[in-house]
Amino acid sequence: MDYYQIKNEQNPLMPDKIDNNDRRVMTHPDGIQVAENVLAVGMEDYQTGVPTVRSDRSLVRFYDISDESNIQEITQWSFGRWGDKMIASALGLTKRNGQWILAIRAAGRLELYINNQSQIGQGSFQPLGPPILYGDNNQIKEFQGINLLLSDENKVYVFGEPDGGSNHDKMWLHELQFIYDSSDAATNRITGLHTTTPARYVNQVHFYRNGSGPRFKYAACIAANSQGNLEVYSIEMHVINRESRCNGWNI
């Protein structure tokens, strides 16, 4: 998949949202995540020197990457966001008991969506509970990147990095506090989100580099490898000569 295909793509999902500064082009792909064979990408109207407000429009798009030679957009799932603070600066995606769970890092809050149809391209993503507002101490923060991962107990966790866009190579871990339709974690379905404590702080880890190299400040991610262990990567700010360095850690 060509990065520039996404970067310069027109905005067909919000054709009626046009003003004098709206070029109808999303110029900035943000934090992404792959779950099963689905890639979720958030895009914003974000370009230095162009007189536009980047905090009031974004697109969330999905791609079927099961065949890397024939990647297809899942147009039935894609949706546009229009209004104050409706950015999509990072996305987390996972699938649990036949439900797709989507997290969006918006301005000042983390938004959660759910799709009750397990088949790719079926159903749609609907808001799940009120947004989780960013807070101090051990609360959800304005992470540069987010990932959703399932535990062996079928609990849903948010990995966020870094804290508040700072230059510390830290990763935060929170457990999302969902409401379920039964107590059986192997089969139950999500029906809501607790409002008093929607995300429970679990831990944070500071990853130290062995020398110089990319920082969490620009891009970082976490993934489970084939042995079931977690791997963490930080990515360089720019692609230079078709290459980009990264730092990696095994947990």
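**Figure 1. The largest nonpolar core of the predicted model.** In this predicted model, the largest nonpolar core holds 20 residues. Those with the most contacts inside the core are Leu112, Ile132, Ile146, Leu148, Leu176 and Phe178. Six strands each supply at least two of the core residues: S7, S8, S11 (145–150), S12 (156–161), S13 (170–176) and S15 (190–193). The largest share, 3 residues, comes from S8. A second core is separate from this one and has 16 residues. Ala35, Ile74, Phe79 and Ala88 are among them. In soluble globular proteins, nonpolar side chains tend to be buried together.

**Figure 2. Close-up of Phe178 and its contacts.** Phe178 is one of the residues with the most contacts inside the largest nonpolar core. Which residues does Phe178 contact, leaving aside its neighbours within four places in sequence? They are Ile101, Leu112, Leu128, Val156, Ile190, Gly192, Leu193 and His194. Leu112, like Phe178, is listed among the residues with the most contacts inside the core.

**Figure 3. Strand S8, covered on both faces.** Strand S8 spans residues 109–115. Of its 7 residues, 7 are buried, so the strand is largely enclosed by the rest of the structure. In a regular strand, side chains alternate between the two faces of the sheet. On one side of S8 lie Arg109, Glu111, Tyr113 and Asn115. On the other side lie Leu110, Leu112 and Ile114. Both sets are buried.

**Figure 4. The partners of S8.** Strand S7 (residues 99–106) runs antiparallel to S8, and 7 bridges join the two. Within this pair, Ile104 stands opposite Glu111. S7 and S8 form a hairpin with 2 residues between them. Gly108 sits in the turn and has a positive phi of about 85 degrees. S8 also pairs with strand S10 (residues 132–133), again antiparallel, through 2 bridges. Here Arg109 has Leu133 as its bridge partner. Strand S9 (residues 126–127) pairs with S8 in the antiparallel sense over 2 bridges. Ile114 of S8 stands opposite Gln126 of S9.

**Figure 5. An open sheet of 3 strands.** The strand order is S17-S18-S19, and the pairing is antiparallel. Why is one side of S17 and of S19 left without a neighbour in the sheet? Strand S17 (220–224) and strand S19 (246–250) stand at the edges, and each has a single partner strand, so one side of each stays free of a neighbour in the sheet. Neighbouring strands are turned by 20 degrees against each other on average, direction ignored. Strand S18 (residues 230–235) is joined to S19 by 5 bridges. In this pair, Glu231 has Asn250 of S19 as its bridge partner.

**Figure 6. The second largest pocket.** About 270 Å³ of space lies in this pocket. Its lining has 16 residues. Closest to the pocket centre are Gln33, Val34, Thr94, Leu148 and Leu149. Leu148 also counts among the residues with the most contacts inside the largest nonpolar core. Strands S1 (28–35), S6 (91–96), S11 and S17 each supply at least two lining residues.

**Figure 7. The whole protein, for orientation.** The protein has 1 helix and 19 strands. Of its 251 residues, 43% count as buried. Among contacts between residues at least 6 apart in sequence, 48% join residues at least 24 apart.

Technical notes. Residues numbered from 1 in each chain as written. Predicted model: local features only at pLDDT ≥ 70, side-chain atom pairs only at ≥ 80, totals over all residues. Heavy atoms only, no water. Pairing = 2+ DSSP bridges. Helix = DSSP H or I, 4+ residues; strand = E, 2+ residues; numbered from the N terminus. Axes fitted to C-alpha atoms, helices over the stretch in contact; angles between N-to-C directions. Buried < 20%, exposed > 50% of the residue type's maximum accessible area, 1.4 Å probe, protein only. Core = buried A, V, L, I, M, F, W, Y, C linked by side-chain atoms within 4.5 Å. Contact = heavy atoms within 4.5 Å. 1 Å grid on protein atoms, 1.4 Å probe; cavity = no way out; pocket = protein on both sides within 12 Å on 5 of 7 lines; lining within 4 Å. Points joined across faces, edges and corners; volume = space filled by probe spheres on them.
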